[in-house]
Amino acid sequence: MQNLGKYVLFLSALFKNRESFKTYAKLTIDECILVGINSIVLVSIVSVFMGAVSTLQTAYNLVNPLIPDNVIGLVVRDLTILELAPTITGIIFAGKVGSSIAGNLGTMRITEQVDALEVMGINPISYLVLPKVVATLLMYPFLVILAGSLAIGGGYLAAEFGGVLSTADYLTGLRLEFNEFSVYFALIKSVVFAFLVSTISAYMGYYTKGGALEVGQSSTRAVTVSCIAILFSDFVLAQLLLV
């Protein structure tokens, strides 16, 4: 409860004693490059193979002759949009970006750069953390859209070269009984996951104490807690919006 209260106070300090909009705009653009652009390659590689493996495993399990092959495309589509694209990408995102945020802020804390900002009359939480949170909220939904598209494309490649079903059946399954709310649900989850990863990682890094060893420990805790928060919020959102 103490850590939870400290986390809430940390969030409230994001909007106190803010700098000019021009300052935040420049910092946010820089963070967008670090958070989003630099994660495209990793997300793309994982997404393509994630979609391909999902197609192969679904085809392997749906061996009943009474079930048409186009159901495989439907299963892969819904599985990708509802769960794989936002959640698996979120865990990967926490491992790459979350650890980077925690390590960066932790290093600044132990080298007294945060204390220097406080002496200068600058709110270090707002100056250092708010651009990271905004950049993550802006870029992560685009990464989820990219991940979903590439995963479905990876499933198409698996259908084309894996020989488990025809591409026509796969494309028919993609269009079968499509529910638009699934896309909105994935985007809602992406915003929630982005907020959790960025704020939890920043919190862990900002309150680092000690030396280089503690910075590494803070990065590890940031990834661990972020992954747990993603899975817990995934369950809560599914219960609230789908059930």
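Read along the sequence, the chain goes α-α-α-α-α-α-α-α-α. Color by secondary structure and you get nine helices and zero strands; helices here are DSSP runs of H or I with at least four residues, strands are E runs of at least two, and both are numbered from the N terminus. This is a predicted model, so local features need pLDDT of at least 70 and side-chain atom pairs count only at pLDDT 80 or more, while totals for chains, interfaces and linings use all residues. Residues are numbered from 1 along each chain as its sequence is written, and side-chain values use heavy atoms, with hydrogens and water left out.

Zoom out to start. The C-alpha trace spans about 70 × 35 × 35 Å along its principal axes. Of the 243 residues, 44% count as buried (under 20% relative accessible area, against over 50% for exposed and partly exposed in between, with a 1.4 Å probe and protein chains only).

Now color by pLDDT, the predictor's confidence in each residue from 0 to 100. The chain averages 90, and 100% of the residues score at least 70. Among the elements, α5 (residues 113-119) has the lowest mean, 87, and α8 the highest, 93.

Next, select α4 (residues 70-110) and α8 (residues 181-206): their axes are 8 Å apart and pack at about 20°. Axes are lines fitted to C-alpha atoms, for helices over the stretch in contact, and angles run from 0 to 180 degrees between N-to-C directions. The pair is therefore roughly parallel (under 35 degrees; over 145 is roughly antiparallel, 65 to 115 roughly perpendicular, the rest oblique). The contact of α4 with α8 holds 15 nonpolar, eight polar and three charged residues; Ala, Val, Leu, Ile, Met, Phe, Trp, Tyr, Cys and Pro count as nonpolar, Asp, Glu, Lys and Arg as charged, and the others, Gly among them, as polar.

Keep α4 and swap α8 for α6. The α4 and α6 axes come within 9 Å and cross at roughly 150°, so α4 and α6 are roughly antiparallel.

Stay on α6 (residues 124-162) and pick Ala147. Ala147 counts as buried because its relative accessibility is 0%. Draw a distance from its C-alpha to that of Pro86: the two are 8.0 Å apart, though 61 residues separate them along the chain.

Last stop, the cysteines. Cys32 is buried at 14% relative accessibility, and Cys227 is buried at 16%. How many disulfides does the structure hold? Zero, a disulfide being a pair of cysteine sulfur atoms within 2.5 Å.
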